[in-house]
Amino acid sequence: MDFHQTEIKGFIETFQFFNKKVPIEPVKRSYISVGSHLFIKFGEELDGELPNGRPIKKSPWTIWIGANVDWRLSQNGKFITGSCQPYEKMNAQVQKLIGKKYLSSSIISQLMDIQFEFEDGYVLTSFLSILLREQWTLFCENDNTAGLEAEHIDQVKQIRTLSSHFTIENLFKEIPLPINQKALTNFSLEGTKLYLLFDGHLTLCLDRCSWRVEKKDEYCIGANEFTLDEHPNIDPYLDDFKGKKLIKSSVVDPFQDARFEFEDGYVIKTFSCLNNQTPWKILKDNQKKVYSANVPLANV
């Protein structure tokens, strides 16, 4: 049976069942499918078939992260690969999980961003930055699934409700930045690159990372929305930021995923999923670098 965020009891029971039964189970297959879906499969595959009768190999346990969903694979605190890299690069690197045992998972935000931990220090992390039907799904040997759907904003609100039933691991630590306590004066967008202008001629450049905008813990818009044909308009969201002070900045070490908290409950979060050592930075007069987020990269 499929349990989504509306079926809270079934979702939680399936989530707990997965995490009770799968630990110490080694990964049998890990790959990027056609369409950029990420599959991680455990256990011996059995013969099965699709609804159209086409034969398939079915695994008893599977982690599935949907196409266009942001994710990152790291080992021992170093970036290996992420969803914003070329297909060949992603597919080659995720196969490093084959033979590694699954250890546990944890929910790390009110939007059910999740971390999957494997042996030898491997960690797979997801980040919601697009309204998309398939976010992530857990498939169990008892034919139950627990999956997130976020095709429209009402489903994201349901995810927010579901998350209140989980312990959310807060990984952020406050840091001093030159833009703290300064007001946002303007913004610009180039593709998915977001530039935020502050008093004092300072610019926060979110140019090599993913990001999303929240208000009072609710999702507003994300970077990957701009990969869709609709090309949503970010102006109504960030216009509300103008004149508001950035009251606190926090990051998750070592990947410098950031949380920028403004007045009146406005928040911008970032996520490192590119093979780049500097996911975001702060410039003075659009030239002088006054702060740079630094991400350790694996030598792969």
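Which residue in S10 stands opposite Ile107? In this predicted model, the partner of Ile107 is Ile114. The two residues belong to a pair of antiparallel strands, S9 (residues 102-107) and S10 (residues 114-118), which are joined by five bridges. Together S9 and S10 make a hairpin, with six residues between them. One residue of that turn, Met112, has a positive phi of about 60°.

The hairpin leads conveniently to the nonpolar interior. Phe118 has contacts beyond its sequence neighbours with Val27, Ile40, Phe42, Ile63, Leu97, Lys100, Lys101, Tyr102, Leu103 and Leu124. Phe118 is also among the residues with the most contacts inside the largest nonpolar core, along with Phe11, Phe42 and Trp136. This core has 44 residues, and helix H1 (residues 8-21) gives the most to it, with four residues. A second core, separate from the one just described, has 31 residues, including Leu177, Val251, Phe260 and Ile268. As a general background, nonpolar side chains in soluble globular proteins tend to be buried together.

The model also has some enclosed empty space, in the form of two cavities of 30 Å³ or more. The largest has a volume of about 170 Å³. Its lining is made up of 18 residues, and those nearest the centre are Ile108, Asp113, Phe172, Val252 and Asp257. Strand S11 (122-127) and strand S22 (266-271) are the elements that each give two or more residues to this lining. By class, the lining of the largest cavity is evenly divided, with six nonpolar, six polar and six charged residues.

Asp257, one of the residues nearest the centre of the largest cavity, deserves a closer look. Asp257 lies in strand S21 (residues 257-262). Is this charged residue buried or exposed? With a relative accessible area of 7%, Asp257 falls under the 20% cut-off and is therefore buried. Leaving aside residues up to four places away in sequence, Asp257 touches Arg72, Phe172, Ser250, Val251, Val252, Thr270, Phe271 and Ser272. Two of these contacts, Phe172 and Val252, are also listed among the residues nearest the cavity centre.

The second largest cavity has a volume of about 40 Å³. Its lining includes Met112 and Asp113, together with Val69, Leu111, Ser126, Phe127, Leu128, Gln135, Trp136 and Leu148. Here the classes are seven nonpolar, two polar and one charged. Asp113 thus appears in the linings of both cavities, while Met112 ties the second largest cavity to the turn of the S9 and S10 hairpin.

Technical notes:
Residues are numbered from 1 along each chain as its sequence is written. This is a predicted model: local features need pLDDT of at least 70, side-chain atom pairs count only at pLDDT 80 or more; totals for chains, interfaces and linings use all residues. Side-chain values use heavy atoms; hydrogens and water are left out. Buried means under 20% relative accessible area, exposed over 50%, partly exposed in between (1.4 Å probe, protein chains only). Contact means heavy atoms within 4.5 Å. On a 1 Å grid over the protein atoms alone, a cavity is a set of points where a 1.4 Å probe fits but cannot get out, and a pocket is an open set with protein on both sides within 12 Å along at least five of seven lines; lining residues have an atom within 4 Å of a point. Grid points are joined across faces, edges and corners, and a volume is the space filled by probe spheres set on the points. Ala, Val, Leu, Ile, Met, Phe, Trp, Tyr, Cys and Pro count as nonpolar, Asp, Glu, Lys and Arg as charged, and the others, Gly among them, as polar. A nonpolar core is a set of buried Ala, Val, Leu, Ile, Met, Phe, Trp, Tyr and Cys residues joined through side-chain atoms within 4.5 Å. Two strands pair if DSSP finds at least two bridges between them.
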